[in-house]
Structures are given as C-alpha cells and as structure tokens.
Amino acid sequence: MEQFNQILDLDGEDPECEFSASMVGAYFGQATTTFKEMEEALYAVCPSDARVLIPSLYSTAKNLAKLSELGHFLKGSSAQLGVSRVQVSCEKIQHYGQLKDQEKNIDLTDVEALDKIGALMDTVKNEYDTAEAWLTDYFKEKGVAVLVEEAD
C-alpha cells in the first residue's frame, strides 16, 4: 500500500489523478498481455485454437525461460503499484522458470517447473482480479475512469 500511496502523492492536487490513473491503466494492459503470453508459453495450442491443459512439449527450455522472463516483468510492474500478492506469485513463476524452488531451496525438473507454474496461474490471475477490482473501485469513487493502455 505504501508504494501506491507514493504514486498517489505524485498526482499532487490533480483531482483527475492523471498520473496514477495512467499508471494503473498501463499496469492493467501489461498484466493482460503478460498473462496471455504466459498461457501461450505454458500450454500447447491446438489447430482449432482450443487450449489444451497439458504442458507444451515443444521447446520446453525456451518456454521456461520465457515464463521466467514474463514472471520477472509482471513482478516488477506489480511491485511499482504495491500489488504484493501478484508480485510474490510472479516471483515464484520467475524462479520456477529458472528450475528453482526458492521456498524449498531445491532444483526442479522441466516437468516439475511447468507443473508448479501451471498450478500457480489460476492463483496469480485471481490475485490480479482482486487487485484490479480494488484499484478500479478506488478510482471510480474519485470519479476517475482508468483507461487500459494496450501493451505493445
């Protein structure tokens, strides 16, 4: 919460909360894009574009590196706004992608890492949904709409 309050302070006397609302909108866009990219790296895509809930068997090492990178990216974005639960879960994804379980201080196999990341995806998305709802409500109470910025 401290980080979010510091961002709010940067708005100064601006009743439109332009700076903080734009940061939150950018975060929403980044998170949506990052979750999509995580799912693409984690799961195989059938020709019908239906998601198959089995770890992708192609380029596993590449996928794990991508998942680690995406976890790191969203961890940082979440930390900037003080969205700590998403930050912690993304840090776990980052480490699992590096074949490390930091809590147990052990190395993981590719399959173990993919399983752990897969199990964590629903959790982190639920944590994000909770944060998104809170942030949206916060700005709505101030009469400010948060415009989601599409990530590149």
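These are my notebook entries on the core, the largest pocket and one loop residue of this predicted model.

Ground rules. I number residues from 1 along each chain as its sequence is written. Because the model is predicted, I take local features only at pLDDT of at least 70 and side-chain atom pairs only at pLDDT 80 or more, while totals for chains, interfaces and linings use all residues, and side-chain values rest on heavy atoms, without hydrogens and water.

Core. I looked up the largest nonpolar core (buried Ala, Val, Leu, Ile, Met, Phe, Trp, Tyr and Cys residues joined through side-chain atoms within 4.5 Å; buried means under 20% relative accessible area with a 1.4 Å probe, protein chains only) and found 37 residues, of which V24, Y27, F35, V86, I117, M121 and F139 touch the most other members. Two or more residues each come from α1 (2-9), α2 (18-42), α3 (60-81), α4 (84-97) and α5 (110-141), these helices being DSSP runs of H or I with at least four residues, numbered from the N terminus. The largest share, 10 residues, belongs to α5. I then listed the contacts (heavy atoms within 4.5 Å) of F139 beyond four places in sequence, and they are F4, L8, C17, S20, A21, V24, V144 and V146.

Loop residue. I placed L108 in the loop between β4 (106-107) and α5, and I count L108 as buried because its relative accessibility is 8%. Beyond four places in sequence, L108 is in contact with Y96, L99, K100, D101, A113 and K116. I also noted that the C-alpha atoms of L108 and Q98, 10 residues apart along the chain, are separated by 8.5 Å.

Key
Buried means under 20% relative accessible area, exposed over 50%, partly exposed in between (1.4 Å probe, protein chains only).
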